[in-house]
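User: Could you take a close look at how one pair of helices packs together here, and then place that pair in its wider setting? I would enjoy a connected walk-through.

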Amino acid sequence: MGGNKFHIDKTKLIRISEGDETAFREFFYEVLPWLTPYVGSMVKSPEATQEVIQETFIRIWVSRDKLPALQEPPAWIIKVATNECYTWFHKQASLRRLAPEEQAPAYTGSGEEQLQMKETLALIREAVNHMPPQRKKIYQLSRDQGLKTQEIADQLHCSHSYVKNTLSAALAHIRDYLKAAGKVLPLLIFLLRIK
């Protein structure tokens, strides 16, 4: 994969770990060109590649506090992507057993993108409103106020790991809510705050 040939700026990783979404967006577009062929070579489908990459970047964002300490960031990113590929394979096997005829809708063209995004953001708001109060509060402190996980833990007098796990559960809830509504696009776009 030539991880050594790809350099990721340490200061950018630190900014991402502190919740800087602009740095994360830059990082996303830097990593995407070399990550896409790797994931594509494993899952063999453009739709699956998009889904796995989305899950990979969600996982990176949720685990962003680890980024500054990484010795080999590209190797770690590949490891996360590989794990997400295996998760995708397991999920496909389960789906084939449960509903072989069910196919995910294809990504729509740019003419519908704005409408899709409006619908998706409305669904995300609904999903957040359906969360248990503590999960909703932690999610909003992270998402809307931009607080780091440790800052949220300090403010709510709970552990850092509890906040991380709660944020992970919140994203999983939003992802499941979107999938139940037939929205396969957009959690990543939402995550990158393209509005």
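Analyst: Helix α7 passes helix α8 in a right-handed crossing. Please keep in mind that this is a predicted model. The two partners are α7, covering residues 149-156, and α8, covering residues 160-180. Two packed helices are described by the angle between their axes and the distance between the axes. For this pair the angle is about 115°, and the axes lie 8 Å apart. That angle makes α7 roughly perpendicular to α8, because the range from 65 to 115 degrees counts as roughly perpendicular.

Now to the residues that make the contact. On the α7 side they are T149, Q150, I152 and A153, and α8 answers with H160, V163, K164 and L167. By class, the contact of α7 with α8 divides into four nonpolar residues, three polar ones and one charged one. The nonpolar group takes in I152 and A153 from α7 together with V163 and L167 from α8. The charged residue is K164 of α8, while T149, Q150 and H160 are the polar ones.

Let's move on to a pair of residues elsewhere in the sequence. R125 and I174 are separated by 49 residues along the chain, yet their C-alpha atoms are 9.0 Å apart in space. R125 itself lies in helix α5, which spans residues 110-129. Its relative accessibility is 54%, so R125 counts as exposed, the cut-off for that being over 50%.

S17 makes a nice counterpart. This serine is found in helix α1, residues 10-17, and with 16% relative accessibility S17 counts as buried, since buried means under 20%. Setting aside neighbours within four places in sequence, S17 is in contact with R64, D65, P68 and K148.

Finally, here is the setting for all of this. The chain has nine helices and zero strands, so to speak an α-α-α-α-α-α-α-α-α run from the N terminus on. Of its 195 residues, 42% are buried. Among contacts with a sequence separation of 6 or more, 71% join residues 24 or more positions apart. The accessible surface of the chain comes to about 10800 Å², and carbon and sulfur atoms account for 54% of that area.

Conventions
Residues are numbered from 1 along each chain as its sequence is written. This is a predicted model: local features need pLDDT of at least 70, side-chain atom pairs count only at pLDDT 80 or more; totals for chains, interfaces and linings use all residues. Side-chain values use heavy atoms; hydrogens and water are left out. Axes are lines fitted to C-alpha atoms, for helices over the stretch in contact, and angles run from 0 to 180 degrees between N-to-C directions. Helices (H or I, at least four residues) and strands (E, at least two) are DSSP runs, numbered from the N terminus. Angles under 35 degrees count as roughly parallel, over 145 as roughly antiparallel, 65 to 115 as roughly perpendicular and the rest as oblique. A crossing is left-handed if the near helix is turned anticlockwise from the far one by less than a right angle, and right-handed if clockwise. Contact means heavy atoms within 4.5 Å. Buried means under 20% relative accessible area, exposed over 50%, partly exposed in between (1.4 Å probe, protein chains only). Accessible areas come from the Shrake-Rupley method with a 1.4 Å probe; for residues, only the protein chains shown count as cover.
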